[in-house]
Amino acid sequence: MKDGFAKLIDTPLLSISIFILVLIASLITISYNIVSPQDNTMVNYSFAENGDYFIGDIPAKEDGEYDFPKMKKVFWQSSAGWISTDELLKIANSEFIWVRTPALSVENHSELFILLQHQGAVFEVFTDTGQSFFKFGDFNDPKSVPHVFDSKFSWIQIPLVESEYYYIRLYHNRSFLFSIPVMEQIAGNRDSVFRKFAINNFTYIFIHAFFFMIGFICVLVYFIEFKKRYDLVLDFAIFCLLFGVFGLSSNSFLQYIFDNQKPLIILNVISSNFIFIPMISGLRRLFTNIKIPILPILIYINLFIALSSTIFTFSLPFSDSIYLAFLEMLPFIMGLSVFIILMNISGSIFASYSAWKAGNIVAKGHFIGFCITLLLVIIEIYFSFTDQFGVSRVVFWGVLFGVISQGFALERAIFANRQRAQVYKEDLLKAEKSLKESQLKTLQTKMSPHYLFNSLNTIHALHKIKPELIGDAILSLANNYRFISDRTDRDWIPFDEEWNFLEDYLHLQKLRFYDTIKIDFKKSGDFSSVILPPLLLQPIIENSFKHGFRGSAEEQFQLFIHAKMIRDSVFSFVVYDNGIGIPEELLADKTKLLERSLGNIKERLRNLYSEFNFEVTRNFPEGARTEIEIILTSKVQQVP
């Protein structure tokens, strides 16, 4: 059972299980909201969207009241479907507009509320009996007319009296339009309407907030790893950010919450105008294996249109003539918007198909995703013909599928790059291992003749002065060469074997120097579990004989060698002597200093351990000091 719990913690099984649990709970919640019994206190109601309108003001009677029965004889024009440009200009140029809309049936209702979003007008709502049941603003004060981009939300309580029509009298600034849509096109109990309004917007808030967070995290990753230049990640990040900002800033529920909506309008305009640029740029970076001229052309076109559209949009509220020009060009502008969307999606399809045919496997998913997007956009455009101001809805589907397809492609690209990086890392580790083996063999090659030559000279000298020590010398020499031939082809050996090799090596050196050298050779601590690479320590000792004692005027050489376990995983090895020491120029230039046979030692340590310390300094009062300290648990992963 203990192993089972350990496996649960060590593997991603626990996180996957929690994710599945949350996903199931979310699906159950969404399904319940869909299939749960509908609140029969709510009814569908569109208020003014499908009503009739009259351009101009209808005169009131002498007592200031309106003769609503006579209003039925007025020629009312239907607002359903498309309104011609000429009619829009007439509406914009008339300060007063009357709207007539079918009244709600109040039977079986204890209360009826609608949530109205209105902008650009003051207005008053009447029943057909003349009862005024809601008024916003002051008709006699033009300054009370809200800004055309300044949305207001108002709860309107419908009177519980039967009426055939509701009449709305509106006053707005000349040359500008207005809007008064009912949120979610429902009426009913206030709490029920608000709950429906919140739930219907929650899904869109969640989706766009999700993509916003993905974009934000990817931007952080890009700047944290800035030197690695993850430009494709940045394109995807900006794409997600713009998509998230676009959805959040245009969400009615968030507009309802914010008192000042101008920041939301600014964000919405910028995000909707620039959203296609990072998408196309991401495709261009993704399909680097083939030159696709249409992609940079699309980027330049989108950039020009985005800048022009942003400037034009922000200038609308400040100029009557620009706004009227906008209304006159409305069919062209709407057609241009549809064309831009189709152009970007079609261009992405062409680029994906070209890259796919050129062998880019990631492009296939893009091609399929953008084809589906194009189909959905065409369907959306078809349905939008019944709604003159609903063409912008085509952006949602196109951008959503663009985000999803580019996200999947980015994941595949990162995965492919990760695989290539892993292969490269393995090849690099193999090359490093081969280099280390080559360096070790070089060290052995250098040591063997040099060491053999010195040892044979020592044995020859002993033959004349102390022949009884020749056997001992030959045994030590044999032990050393047995170690070199049998152990140095291994990656790691026990510390005791390396220590015994040093002991035999030093025994021969004592015989060579006879009574002119004193060696303090000791170790302290528990080395039973310590393993080291072979021939790691011997070159450090040899350095004292090769450079420290050669040319020294000392009559008595001293060599101190101490191995110590400081803690369970910290190995220390110190060597110092009373030789000629280290010249000033070498102390000032560590590179030249390490060239004296010690450079290979430091390089081997760097390849084998991530945490170590290697120092070569002057010993006081004379000689040189070399010290190694290794964190034995910091071994670098090696390639088999």
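## Strands 2 and 3

Asp52 has Ser78 of strand 3 as its bridge partner. This is a predicted model. Strand 2 and strand 3 run antiparallel and pair over 2 bridges. Strand 3 covers residues 77-78 and is an edge strand of the sheet.

## The open sheet

The sheet is open and has 6 strands. Their order is 3-2-4-9-6-7, with antiparallel pairing. Strand 3 lies at one edge, and strand 7 (132-136) is the other edge strand. Each of these two pairs on one side only. Strands of a sheet pair through backbone hydrogen bonds, in a parallel or an antiparallel sense.

Helix 4 (residues 85-93) packs on this sheet. The helix touches strand 2 (52-55), strand 3 and strand 4. The direction of helix 4 makes about 60° with that of strand 2.

## Strand 4 and its two neighbours

Strand 4 sits between strand 2 and strand 9 in the sheet order. On the strand 2 side, the pairing is antiparallel over 4 bridges. Phe54 stands opposite Trp98 of strand 4. Ile55 faces Ile97 of strand 4 in the pairing, standing opposite that residue.

On the other side, strand 4 (residues 96-102) pairs with strand 9 (residues 165-171). This pairing is also antiparallel, over 7 bridges. Ile97 stands opposite Leu170 in strand 9. Ile97 thus has an opposite residue in each neighbouring strand: Ile55 and Leu170. Arg100 has Tyr167 of strand 9 as its bridge partner. How much of strand 4 is buried? The strand is mostly covered, with 6 of its 7 residues buried.

## His118

His118 belongs to strand 5, which spans residues 113-118. Is His118 buried or exposed? Its relative accessibility is 1%, so His118 counts as buried. The cut-off for buried is under 20%.

The side chain of His118 makes a polar contact with the side chain of Ser154, at 2.7 Å. Leaving aside residues up to four places away in sequence, His118 touches Phe123, Phe136, Asp150, Ser151, Lys152, Phe153, Ser154, Ser179 and Ile180. Ser154 therefore appears both in this contact list and as the polar partner, within the 3.5 Å cut-off.

## Helix 5 against helix 6

Helix 5 covers residues 190-224, and helix 6 covers residues 231-249. The two pack at an angle of about 150°, and their axes are 7 Å apart. Angles over 145 degrees count as roughly antiparallel. Helix 5 and helix 6 are therefore roughly antiparallel to each other. The crossing of helix 5 past helix 6 is left-handed.

## Helix 6 against helix 9

Helix 6 also packs with helix 9 (residues 276-286). Here the angle is about 160°, with the axes 8 Å apart. This pair too is therefore roughly antiparallel. Helix 6 passes helix 9 in a left-handed crossing.

Which residues make the contact? Helix 6 contributes Asp231, Leu232, Asp235, Ile238, Phe239 and Leu242. Helix 9 contributes Pro278, Met279, Ser281, Gly282, Arg285 and Leu286.

Conventions. Residues are numbered from 1 along each chain as its sequence is written. This is a predicted model: local features need pLDDT of at least 70, side-chain atom pairs count only at pLDDT 80 or more; totals for chains, interfaces and linings use all residues. Side-chain values use heavy atoms; hydrogens and water are left out. Buried means under 20% relative accessible area, exposed over 50%, partly exposed in between (1.4 Å probe, protein chains only). A polar contact is a pair of N or O atoms within 3.5 Å; within protein, one must be able to donate a hydrogen and the other to accept it, and residues adjacent in sequence count only if both atoms are side-chain atoms. Contact means heavy atoms within 4.5 Å. Two strands pair if DSSP finds at least two bridges between them. Axes are lines fitted to C-alpha atoms, for helices over the stretch in contact, and angles run from 0 to 180 degrees between N-to-C directions. Angles under 35 degrees count as roughly parallel, over 145 as roughly antiparallel, 65 to 115 as roughly perpendicular and the rest as oblique. A crossing is left-handed if the near helix is turned anticlockwise from the far one by less than a right angle, and right-handed if clockwise.
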